[in-house]
Structures are given as structure tokens and as C-alpha cells.
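Q: Could you take me through the nonpolar core of this protein, slowly and in plain words? I'd like to know what builds it and how far I can trust the picture.

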Amino acid sequence: MIVERRLLPRFSLQIPVLLTLSDTQVKIAARTCNASAGGIFFHADEIIAEQEEVEFTMKFPPALTSAPLEVVCRARVVRSEICNPAGTVGIAVSLHEFDFIFNYPNWQDSLMLADLE
């Protein structure tokens, strides 16, 4: 029997990212598979050690967010395992910090005071 341990709902999300190992600055190409507010699961070609700190930027297209948006994330690897015979690696990270970067001119001007209340 599988016991679900996730605390937050996950949603399917496929975005290419470049994971940067915080200690060595080594970069590893990956693609998000699913995400929640607390963590993200990636597919990659290389295993990353558990507890390794990684940084990455997710670039969301305007079709998903109504305006170009980037989220810069810092996370810790909680699981890294080979997923299939072809060697694809699954990497689960726990997010501990993220910053939103809105990429369109005068985005603050588009906010209404009512939106902030």
C-alpha cells in the first residue's frame, strides 16, 4: 500500500530549467514534471546527491500567467533516483526560497488598489 505523504496539492507542469548546484556552480539540464508550493519534481539526465542545494529559474509563458513571469528558486534535493531503464533521473526538491520577477514594462501600473486590499 502506498501512503501519500504530500501536504500540498501538486499540478502537472513541464518547463525546461537549468539546475545550478550551489557549491560547484555545475549546471544540469532538467524539465519540471509536477510542482506544488513546497516542492518540484524534475526529470534530468544526471543524479544529484540528496541534501545538495540547487538554484534554478522557471520561465512561465504569458499564456499561463497573463504576463511573462520568472520565478527564481532555491531548493534542497530530497530524492534523486533512476526512473526507467533508459536512465532518466527523477529529482525531487523542497523549495526554501523563491522570488517572482515580472518581465513586462510598467507592471506595477497595472495593479489596482483593490487588488492589494
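A: Sure, and let's start with trust. This is a predicted model, and the protein chain averages a pLDDT of 83, with 81% of the residues scoring at least 70. Confidence isn't even along the chain, though: among the elements, strand β2 (residues 16-21) has the highest mean pLDDT, 95, while helix α2 (residues 113-116) has the lowest, 44. Go easy on the stretch 110-117, where pLDDT stays under 50 and the model has 2 contacts beyond four places in sequence.

Now for the layout. You'll find 2 helices and 7 strands in the protein chain, and from the N terminus they come in the order β-β-β-β-β-α-β-β-α. Of its 117 residues, 32% count as buried.

On to the core itself. The largest nonpolar core has 25 residues, and the ones touching the most other members are Phe 42, Phe 56, Met 58, Ile 91 and Val 93. Strands β2, β3 (27-35), β4 (39-44), β5 (53-60), β6 (69-82) and β7 (89-102) each chip in at least two residues. The top giver is β6, with 5 residues.

Let's zoom in on Ile 91. Leaving out residues up to four places away in sequence, Ile 91 touches Leu 19, Ile 40, Phe 41, Phe 42, Ala 44, Glu 46, Ile 48, Val 77, Arg 79 and Ser 80. Reaching across the sequence shows up in the whole chain too: take the contacts between residues at least 6 apart, and 50% of them join residues at least 24 apart.

Methods
Residues numbered from 1 in each chain as written. Predicted model: local features only at pLDDT ≥ 70, side-chain atom pairs only at ≥ 80, totals over all residues. Heavy atoms only, no water. Helix = DSSP H or I, 4+ residues; strand = E, 2+ residues; numbered from the N terminus. Buried < 20%, exposed > 50% of the residue type's maximum accessible area, 1.4 Å probe, protein only. Contact = heavy atoms within 4.5 Å. pLDDT = per-residue confidence, 0-100. Core = buried A, V, L, I, M, F, W, Y, C linked by side-chain atoms within 4.5 Å.
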